[in-house]
Amino acid sequence: MATRSKSSQRWLKEHFSDPYVKKAQAEGLRSRAAYKLEELAGRDRLLKPGMTVVDLGAAPGGWSQWVRQELDRLDPARPGRVLALDILDMPPLAGVEFLHGDFREDAVLSSLETLLAGQSVDLVLSDMAPNKSGVEAVDQPRAMHLSELAMEFADRHLKPGGTFLIKLFQGTGFDGFVRDLRKRYAKVAIRKPAASRRRSPEVYALAQGKLAAIK
């Protein structure tokens with residue numbers, strides 16, 4: 001218990017001294033994760049006016065908030081749509097359609113499909129992660145399962161030529177997942193944004209140019 005307490009204290013100290021946490025608070029953003037997306041999206045110019053964007057694992061809303069602001073900035077006359085989903089509740093964001101539910105449940109996926117009403121998606125974002133137990137043999141398979149579900153969602157709803165950006169954790173199943181992405185998209189890159197903590201095993205896979213047929 002003492003070790004866990006030290007680890008919690010270290011996390012809290014790191015969190016509140018984190019320059020990205022301070023910046024997010026100063027700029028009114030819901031989470032430091034917004035700066036990961038800002039870097040990833042800015043480098044490859046992922047956002048275009050009028051896009052339909054789906055944000056999986058959205059709470060507390062940092063990514064959805066940043067996307068909504070950026071789309072409004074690009075062209076207020078063509079605001080597009082931002083749809084967000086999470087198992088955790090999320091306070092409302094103006095211009096973001098939020099669905100509260102577990103992405104692993106068919107009924108929740110069906111509700112998300114109803115919201116889309118047959119509209120194809122330009123960009124799928126997934127910052128999903130399972131609740132961590134601290135046991136890699138448990139956590140990594142759970143994380144990969146969520147990643148597979150997100151890829152299947154993109155398979156069904158992302159338009160040809162569309163983009164899929166997903167958080168992954170390096171470990172068992174990672175290489176195979178990236179291989180599967182390469183069969184589905186014209187270009188796949190693995191990125192580690194500056195706002196991602198160095199000691200974290202998280203990276204982001206950016207898959208661009210969804211192919212009309214899987215190779």
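Angles between helix axes under 35 degrees count as roughly parallel, over 145 as roughly antiparallel, 65 to 115 as roughly perpendicular, and the rest as oblique. Keep that scale at hand for the opening stop. The model on screen is predicted.

**Stop 1: H3 and H4**

Select residues 33-44, helix H3, together with residues 62-74, helix H4. Their axes come within 8 Å and cross at roughly 45 degrees. H3 and H4 are therefore oblique to each other. The crossing in which H3 passes H4 is right-handed.

Now show side chains where the two helices touch. On the H3 side, the contact is made by Ala33, Ala34, Leu37, Glu38 and Ala41. H4 contributes Gly62, Trp63, Trp66 and Val67. Sorted by class, the residues in this contact of H3 with H4 are seven nonpolar, one polar and one charged.

**Stop 2: the loop after H3**

Move on to Arg45, in the loop between H3 and S1. What is its phi? The angle is near 50 degrees, a positive value in a residue other than glycine. Is Arg45 buried or exposed? Its relative accessibility is 67%, so Arg45 counts as exposed.

**Stop 3: the loop before H4**

Select Pro60, found in the loop between strand S1 (52-56) and H4. Display the backbone from Ala59 to Pro60: the peptide bond there is cis, with omega near 5 degrees.

**Stop 4: the loop after H5**

Go next to Ala117, placed in the loop between helix H5 (106-116) and strand S4 (121-126). Here too the residue is not glycine and phi is positive, near 50 degrees. Ala117 has a relative accessible area of 64% and is exposed.

**Stop 5: H7**

Finish with residues 174-184, helix H7. Colour Phe174, Phe177, Val178, Leu181 and Arg184, which are buried. Then turn the view to look down the axis of H7: the buried residues fall within an arc of 115 degrees, so they line one face of the helix.

Which elements do these buried residues pack against? Add helix H6 (136-157) and strand S5 (158-169) to the selection, then strand S6 (185-191) and strand S7 (202-210); the buried residues of H7 pack against these four elements.

Rotate to the face of H7 turned away from its buried side. Asp175 and Arg179 are the exposed residues carried there. With both sets coloured, Arg184 belongs to the buried group, whereas Arg179 is exposed.

Conventions. Residues are numbered from 1 along each chain as its sequence is written. This is a predicted model: local features need pLDDT of at least 70, side-chain atom pairs count only at pLDDT 80 or more; totals for chains, interfaces and linings use all residues. Side-chain values use heavy atoms; hydrogens and water are left out. Axes are lines fitted to C-alpha atoms, for helices over the stretch in contact, and angles run from 0 to 180 degrees between N-to-C directions. A crossing is left-handed if the near helix is turned anticlockwise from the far one by less than a right angle, and right-handed if clockwise. Contact means heavy atoms within 4.5 Å. Ala, Val, Leu, Ile, Met, Phe, Trp, Tyr, Cys and Pro count as nonpolar, Asp, Glu, Lys and Arg as charged, and the others, Gly among them, as polar. Buried means under 20% relative accessible area, exposed over 50%, partly exposed in between (1.4 Å probe, protein chains only). The arc is that of the directions from the helix axis to the C-beta atoms.
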